[in-house]
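Subject: Handing over a structure, with notes

Dear colleague,

I am passing on a structure that you have not worked with before, and I would be glad if you could look it over. My notes come after it, so that you can read them with the model open.

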Amino acid sequence: MVIYGLVLAGDPSWSSIALLGFLAALLAMDDTALAQTWFGQPLVAGILAGLFCGDAVTGVAIALPLQLLLIGNLPVGQTFTGEHSSAVVAAVGATVLAGHHLLPISGPLNWNSAALLGWMILATGLLGAVGHWIIQAERRAHVLWMQEGHRTLRDGDLNRVEALHGRCLSATLLRGFVLGILYLLVLIRFWLPMFNVLPEPALQALGVLPFLIAGLGLGALIEQYGIRACWSWVTGGAVCGALLLWLAGGAG
Amino acid sequence: MTAPNAVKPTGGRLHYGLRLSLFLRSLSLQASWNQQRMQNLGLLTTVLPWLRRQPREITADRLFCRRYYEFFNTNPYLANFLIGGLIRLEDDRNSGQLVPPGQIAMFRDTLGRAFASLGDQLVWLALRPALTLALCLAALLGGIYSVLATVACFALGQLALRWFALGKGYAMGLEIVELLSLPHWHRIIGTLKRVGMVLAGAVLAAIPFLHLDSGPHAGDGRQMLGFGLGLLVGSGLPRLVRKRLPGEGLLLVAVAISVGLTFAI
């Protein structure tokens, strides 16, 4: 495989890990704290991490089902759940750095690749859920820092308020960096080697997981739209989509 | 007494330097989000450049900070309409116009809630799913760079909206309320939701079509069964458990189903 990324595939060196940690930090900032441009969305984060490592297809493979699963999550205030940008960057980075290449669910995915894909998606989801607790802890720290800002209401020191806000931003940047690196190490040292010792039934289950997850995410979204309100539009979209793909396939 | 760098309202337009400072800071409105007062620290940090351009007086500074350190929560993409309006009210008060006590706080709270509600409907429940589905469809079809280009367009668009909103909010002041009552918001939300529905259908068709089209593989049948079962469970589960599960909850459901499927077949 030709590698054009910043990080060499099959080379889990500290510099590669640090670069991926830096990417995770930037995307974590984008996700909740700064600008919210949606580059921190799982699919985009996966593609960026893939391009970073020189294998964008693996990025799409891991991030696409996850993106569909998380499509109904509201990234707003109290309803915010999970921390997926660092987890996706780490999963894609670990997969490529360990020398694997995965194909998306739309591609010629054989059973073993599908099982590895399911294994990595499972890791990403679990790590994202772990990140949720860390975000909650960070927000508890924000409460304490915000309360510290009450002193400005008494003494009028404007610099303190700006410094506290900057501290919150720095905490998010640090969280993304540390989690990105930590996740990468866990995945490279423990999670990926464990795949080789999984029993056959587990591999069978994991092979279905990417497709099941994509279906669940789409189903949940359709329910969110309202099944009665949307069934005709969804059916229309499905028919048009299938027709266009068939025509494009025929033309190809 | 006037500070040398004091900014005066110039015919309903925001001074460029101040607008730039407010704009840049507003990008991090959510950075210090907390469970107690949500975006209050972010809001105060955002509007501080205005205060720094005024004659410094400790009592006035403390009162200003107090006004903006109360509970505040709104949609980050639409917040600048409100921030522009707040700066306009502060300028009006400074230039001697009558701004009744409590009006700024009432304006902030009422419009903050209204923009939060509009933002939830417009951005989180209509635009985000539609755009995400478009990205997924592009990724399924192999258009990796079109995914990045689409997100870049969204990013630039929302930055432009935030910049525009700051100026518009300042120019309109209290009249921003009229913006909220425009009927086209509902038309845009409805259209975006329908686009999302059509795209959901297209993605739904594309996954099995493209996978099966790529050639026969062992386990295809089980994978397609899993996809179909996922669709059914995903759309029926909220009725069963009377709750919409977040993605992490759905992942656990998916693991349980895939294990069950393995032993059932």
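Below is what was found, beginning with chain A as a whole and going on to single residues.

Please keep in mind throughout that this is a predicted model. Chain A holds 9 helices and 0 strands, so its elements, read from the N terminus, run α-α-α-α-α-α-α-α-α under the definition of helices and strands as DSSP runs. Along its principal axes, the C-alpha trace of this chain spans about 75 × 50 × 35 Å, and of its 252 residues 62% are buried. The accessible surface of chain A amounts to about 9,100 Å², with 70% of that belonging to carbon and sulfur atoms. If one takes the contacts in chain A between residues at least 6 apart in sequence, 81% of them join residues at least 24 apart. As for charge, chain A carries 9 positive and 12 negative charges, and the mean positions of these two sets are 10 Å apart.

The core comes next. The largest nonpolar core has 161 residues, and Met120(A), Leu218(A) and Leu133(B) are those with the most contacts inside it. Helix α5 of chain B, residues 103-140, contributes the largest share of this core, namely 17 residues. Which residues does Leu133(B) touch, not counting those up to four places away in sequence? On the chain A side they are Leu68(A), Ile71(A), Leu218(A), Leu221(A) and Tyr225(A), while in chain B they are Gly196(B), Leu199(B), Ala200(B) and Val203(B).

Over all chains, the structure holds 12 aromatic pairs. One of them is formed by Trp38(A) and Tyr77(B), which meet edge-to-face, with 6.2 Å from centre to centre and 85° between the planes. This pair joins two chains, because Trp38(A) lies in the loop between α1 (14-33) and α2 (42-53) of chain A, whereas Tyr77(B) lies in the loop between α3 (58-68) and α4 (79-94) of chain B. Since buried means under 20% relative accessible area, Trp38(A) counts as buried at 6%, and Tyr77(B) likewise counts as buried at 2%. Another pair is that of Phe64(B) and Tyr68(B), whose ring centres are 4.8 Å apart and whose planes stand at 50°, so that the pair is tilted. Phe64(B) and Tyr68(B) are 4 residues apart in helix α3 of chain B, and are therefore separated by about one helical turn; both are buried. Finally, Trp38(A) and Tyr77(B) belong, with Trp124(B) and Phe154(B), to one aromatic cluster.

Two polar residues are also worth a look. Ser86(A) sits in helix α4 (residues 84-97) of chain A and, at 0% relative accessibility, counts as buried. Although Ser86(A) and Ile181(A) are 95 residues apart in sequence, they are 8.7 Å apart in space, C-alpha to C-alpha. Neighbours within four places in sequence aside, Ser86(A) is in contact with Ala24(A), Ala28(A), Gly176(A), Leu179(A), Gly180(A) and Tyr183(A). Asn80(B), for its part, has its place in helix α4 of chain B and counts as buried at 1% relative accessibility. With its neighbours within four places in sequence again left aside, Asn80(B) is in contact with Phe23(B), Ser26(B), Arg162(B), Ala165(B) and Leu166(B).

With kind regards

Key. Residues are numbered from 1 along each chain as its sequence is written. Chains are lettered from A and ligands numbered from 1 in the order in which they are written. This is a predicted model: local features need pLDDT of at least 70, side-chain atom pairs count only at pLDDT 80 or more; totals for chains, interfaces and linings use all residues. Side-chain values use heavy atoms; hydrogens and water are left out. Buried means under 20% relative accessible area, exposed over 50%, partly exposed in between (1.4 Å probe, protein chains only). Contact means heavy atoms within 4.5 Å. Accessible areas come from the Shrake-Rupley method with a 1.4 Å probe; for residues, only the protein chains shown count as cover. Lys and Arg count as positive and Asp and Glu as negative; His and the chain ends are not counted. The place of a charge is taken as NZ of Lys, CZ of Arg, CG of Asp or CD of Glu. A nonpolar core is a set of buried Ala, Val, Leu, Ile, Met, Phe, Trp, Tyr and Cys residues joined through side-chain atoms within 4.5 Å. Rings of Phe, Tyr and Trp (its six-membered ring) pair if their centres lie within 6.5 Å; planes under 30 degrees apart count as stacked, over 60 as edge-to-face and the rest as tilted.
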